[in-house]
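Work through the exercises below with the sequence and the 3D view at hand. Try each task before reading its solution.

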Amino acid sequence: MSQTDATREQLVAQAFVSLADTLVDEYDVIELLTRLVGYGIQLLGADAGGILLADPHDVLRVVAASNEDARLTELMQLQNDQGPCLDCYHHSTPVNVADIAASTERWPRFVAAATHRPVFRAVHALPLRLRGQAIGALNLWHHHTVAMRTDDLVLGQALADVATIAILQERAIRRAEVLNEQLQSALNSRVIIEQAKGVLAQHATLPMDQAFDLMRRYARTHNQRLAQVARDLTQRTLDPNTVIPPTR
């Protein structure tokens, strides 16, 4: 086994252990989904990633994105009500698009919007599902046209399945209203996090991606939930200067 293969196996093991930890401990849903996106990018060679999650009314929302380009591209699909990630969710099956520009007949409005601002050329969407029930989709974006290998797709789906089990674990699905409350809580948290990113970015004149990274780092360092840090920033009970590391 080569050193590269050994390193990848270690990362695979780390990913599954990290995601499985949520089955026994309390966890932050947004942090879980952000981890899932990160592992998907690292292990499957994507350039960016995002997650769409359905709310209790079966409306998809963007709840995680590795950067602003990914978030905006996910929003393009929602705004145009079509795209590979929506199909992935609605049919509970993977949708693999090696060349987005070649899919005009299938998703004309989305392709027109995506190619007008050609950041990504390919996407591989994997359903967050359990026993045929989809609650969202993990979407891996590529800057260049590319077809993903079958074994990589299998690994990506396994990661998505573990994350789905964590979200739909037994204590959260004993009653339907508990599940709805948990998913709605995740969506509400994402709104607050987006607002806090804006507060921090405006305060320190930072890119939105960097503002998000600083919030995550602060939450981990102080053993706080990301959503609580975001809420404190938006309510001005946490000084933005506290989250920003001092300049040397």
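**Exercise 1: two cysteines**

Task: Explain why the sulfur of Cys88 forms no bond with the closest cysteine sulfur, in Cys85.

Solution. Step 1: the sulfur of Cys88 lies 7.0 Å from the closest cysteine sulfur, that of Cys85, which is too far for a bond. Step 2: recall that a disulfide is a pair of cysteine sulfur atoms within 2.5 Å. Step 3: searching the whole structure gives 0 disulfides, and Cys85 is accordingly in none. Step 4: check the surroundings. Cys85 is buried (under 20% relative accessible area; exposed is over 50%, partly exposed in between; 1.4 Å probe, protein chains only), with a value of 0%. Cys88 is also buried, at 0%.

Two notes on the source. This is a predicted model, in which local features need pLDDT of at least 70 and side-chain atom pairs count only at pLDDT 80 or more, while totals for chains, interfaces and linings use all residues. Residues are numbered from 1 along each chain as its sequence is written, and side-chain values use heavy atoms, with hydrogens and water left out.

**Exercise 2: the nonpolar cores**

Task: Find which helix gives the most residues to the largest nonpolar core.

Solution. Step 1: a nonpolar core is a set of buried Ala, Val, Leu, Ile, Met, Phe, Trp, Tyr and Cys residues joined through side-chain atoms within 4.5 Å. Step 2: the largest one has 55 residues, and Leu33, Leu36, Leu43, Ile51, Leu53 and Met215 have the most contacts inside it. Step 3: the helix that gives the most to this core is H2 (residues 29-44), with 10 residues. Helices (H or I, at least four residues) and strands (E, at least two) are DSSP runs, numbered from the N terminus. Step 4: apart from this core lies another, of 26 residues, including Leu52 and Val123.

**Exercise 3: a histidine in a strand**

Task: Decide whether His124 is buried or exposed, and find the backbone oxygen that its side chain reaches.

Solution. Step 1: locate His124 in strand E4 (residues 122-130). Step 2: its relative accessibility is 1%, so His124 counts as buried. Step 3: its side chain reaches the backbone oxygen of Val146 at 3.3 Å. Step 4: among the residues His124 touches, leaving out those up to four places away in sequence, are Val95, Leu138 and Met148; contact means heavy atoms within 4.5 Å.

**Exercise 4: one side of a helix**

Task: Where around the axis of H5 do its buried residues lie?

Solution. Step 1: the buried residues of helix H5 (residues 108-116) are Phe110, Val111 and Ala114. Step 2: they cover an arc of only 95 degrees around the axis, so they are on the same side of H5. The arc is that of the directions from the helix axis to the C-beta atoms. Step 3: helix H3 (68-80), helix H4 (84-91) and strand E5 (133-142) are included in what covers them.

Methods
A polar contact is a pair of N or O atoms within 3.5 Å; within protein, one must be able to donate a hydrogen and the other to accept it, and residues adjacent in sequence count only if both atoms are side-chain atoms.
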